[in-house]
Amino acid sequence: MNDDHCTRCGACCAAFRVDFHPSELASASPGGVPDAFAVTVTTNLVRMRGTDAAAPRCVALEGRIGERVRCTLYASRPSPCRDFAPYAALGIGEDACDRARSRHGLPPL
């Protein structure tokens, strides 16, 4: 595993809701998000389990935020996760990334 800011951080996975279209689920697309990792919100919207909690934490996140984390379904993660802070692994954050880090007592990138 690469040792970049994202694999040490994980704050985004424990700060925001992760909503996406059901077409990204494994039942609709080979290699998609396992259906058991999502809950139905509407006919056209599903949410990663755990991200709607008062203290959100994606069900796919393993590890300790700010130290060492990993996504257990990284290759199958939904589009919001793929699109989030695309340069964070290079140490270049964005506003949402910095907000997530702040929620966990971490400095901005």
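I take contact to mean heavy atoms within 4.5 Å, and I keep to that throughout these entries on a predicted model.

**Entry 1: M48 and strand β3**

I began with M48, which I found in strand β3. Leaving out residues up to four places away in sequence, I listed V18, F20, V33, F37, A38, C58, V59, A60, L73 and P78 as the residues that M48 touches. I then looked up its accessibility, and M48 counts as buried because its relative accessibility is 2%, where the cut-off for buried is under 20%. For one of these partners, F37, I also checked the backbone: the C-alpha atoms of M48 and F37 are separated by 5.9 Å, although the two residues are 11 apart along the chain.

In the same entry I looked at L45, whose place is also in strand β3. With a relative accessible area of 27%, L45 is partly exposed. Its contacts, again not counting residues up to four places away in sequence, are D19, F20, P22 and T40. L45 and F20 lie 25 residues apart in sequence, and I noted 5.6 Å between their C-alpha atoms.

**Entry 2: the nonpolar cores**

Which residues make up the largest nonpolar core? I noted 10 residues in all, namely V18, F20, L25, V33, A38, V46, M48, C58, A60 and L73. I then followed C58, which, leaving aside its neighbours within four places in sequence, is in contact with C13, M48, R49 and T51. There is also a second, separate core of seven residues, and C9, A11, A96 and A100 are among them. For context I add that in soluble globular proteins nonpolar side chains tend to be buried together.

**Entry 3: helix α3**

Helix α3 covers residues 95–103, and its buried residues are A96, C97, A100 and R101. These buried residues are on the same side of α3, because they cover an arc of only 135° around the axis. On the face turned away from that buried side I found the exposed residues D95, S102 and R103. After α3 comes G105, for which I noted a positive phi near 75°.

**Entry 4: two loop alanines**

Is A85 buried or exposed? A85 is buried, since its relative accessible area is 6%, and its place is in the loop between α2 and α3. Its phi is near 40°, a positive value in a residue other than glycine. I set beside this the general point that most residues other than glycine have a negative phi.

A55 I found in the loop between β3 (45–48) and β4 (61–64). A55 counts as exposed because its relative accessibility is 62%, the cut-off for exposed being over 50%. From the C-alpha atom of A55 to that of D19, 36 residues away along the chain, I noted a separation of 16 Å.

**Entry 5: the largest pocket**

I closed with the largest pocket, in which about 830 Å³ of space lies. Of the 36 residues that line the largest pocket, C6, C12, Y74, R77 and C81 are the closest to its centre. Which helices and strands each supply at least two residues of this lining? They are α1 (5–8), β5 (68–71), α2 (79–83) and α3. Sorted by class, the lining of the largest pocket has 26 nonpolar, four polar and six charged residues.

Terms used:
Residues numbered from 1 in each chain as written. Predicted model: local features only at pLDDT ≥ 70, side-chain atom pairs only at ≥ 80, totals over all residues. Heavy atoms only, no water. Core = buried A, V, L, I, M, F, W, Y, C linked by side-chain atoms within 4.5 Å. Buried < 20%, exposed > 50% of the residue type's maximum accessible area, 1.4 Å probe, protein only. Helix = DSSP H or I, 4+ residues; strand = E, 2+ residues; numbered from the N terminus. Arc of directions from axis to C-beta. 1 Å grid on protein atoms, 1.4 Å probe; cavity = no way out; pocket = protein on both sides within 12 Å on 5 of 7 lines; lining within 4 Å. Points joined across faces, edges and corners; volume = space filled by probe spheres on them. Nonpolar A, V, L, I, M, F, W, Y, C, P; charged D, E, K, R; others polar.
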